[in-house]
Amino acid sequence: MSVSAGGRISAGDLRHRVQVQDVTQSVNASGGLVNEPVVLATVAAAIEPLSGREAEYARQMHPTVTHRVRVRHNDLITPRVRFYWAAK
């Protein structure tokens, strides 16, 4: 992945399409709370697996982190959202 001196991502690296999702809670038919993803946007992203050391550090904070996802700036992306990528 190439990043310019200004921290910009090369357009060629943004070859994956990912959904930016937020999770909302709703009530199901039996009255229980259900977490449902809501798609906020679909954006181009660069996705790379974490190296061994990076993955170990990430798992200490978030057990399910396996990849680094880089996207261009978007106001919808906050710490609350998640990315969904259907790898082919």
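**Exercise 1. Decide whether Arg80 is buried, partly exposed or exposed, and then find its charged partner.**

Step 1. Arg80 has a relative accessibility of 57%, so this residue counts as exposed, given that buried means under 20% relative accessible area, exposed over 50%, and partly exposed in between (1.4 Å probe, protein chains only). The model is a predicted one, in which local features need pLDDT of at least 70 and side-chain atom pairs count only at pLDDT 80 or more, whereas totals for chains, interfaces and linings use all residues. Residues are numbered from 1 along each chain as its sequence is written, and side-chain values use heavy atoms, with hydrogens and water left out.

Step 2. The side chain of Arg80 meets that of Asp22 in a salt bridge, at 2.8 Å from N to O; the term stands for a side-chain nitrogen of Lys or Arg within 4 Å of a carboxyl oxygen of Asp or Glu. The two residues are 58 apart and link distant parts of the chain, with Asp22 in strand β1 (residues 16-27) and Arg80 in the loop between β3 (67-71) and β4 (82-84). Strands (E, at least two residues) and helices (H or I, at least four) are DSSP runs, numbered from the N terminus.

Step 3. Asp22, at 17% relative accessibility, counts as buried, while Arg80 counts as exposed.

**Exercise 2. State how many salt bridges the structure holds, and describe the pair formed by Glu48 and Arg68.**

Step 1. There are two salt bridges in the structure. Side chains of opposite charge can pair when their charged atoms come close.

Step 2. Glu48 and Arg68 meet through their side chains at 2.7 Å, N to O. Because Glu48 lies in strand β2 (residues 33-49) and Arg68 in strand β3, this pair ties together parts that are 20 residues apart in sequence.

Step 3. Glu48 is partly exposed, with a relative accessible area of 23%, and Arg68 is likewise partly exposed, with 29%.

**Exercise 3. Find the residues of the largest nonpolar core, and say which element gives the most to this core.**

Step 1. A nonpolar core is a set of buried Ala, Val, Leu, Ile, Met, Phe, Trp, Tyr and Cys residues joined through side-chain atoms within 4.5 Å. The largest one has seven residues, namely Val18, Val20, Ala41, Val43, Ala45, Ile47 and Val81.

Step 2. The elements that give two or more residues to this core are β1 and β2, and β2 gives the most, with four residues.

Step 3. Ala45, leaving aside neighbours within four places in sequence, is in contact (heavy atoms within 4.5 Å) with several residues, including Leu14, His16, Val18 and Val69.

**Exercise 4. Place Leu76 and Gly32 in the chain, and give the exposure of each.**

Step 1. Leu76 sits in the loop between β3 and β4 and is partly exposed, with a relative accessible area of 39%.

Step 2. Gly32 is found in the loop between β1 and β2, and at 26% relative accessibility Gly32 also counts as partly exposed. Not counting residues up to four places away in sequence, Gly32 touches Ser26 and Val27.

**Exercise 5. Describe the order of the elements and the share of buried residues in the protein chain.**

Step 1. The protein chain has one helix and four strands, which run β-β-α-β-β from the N terminus on.

Step 2. Of its 88 residues, 18% count as buried.
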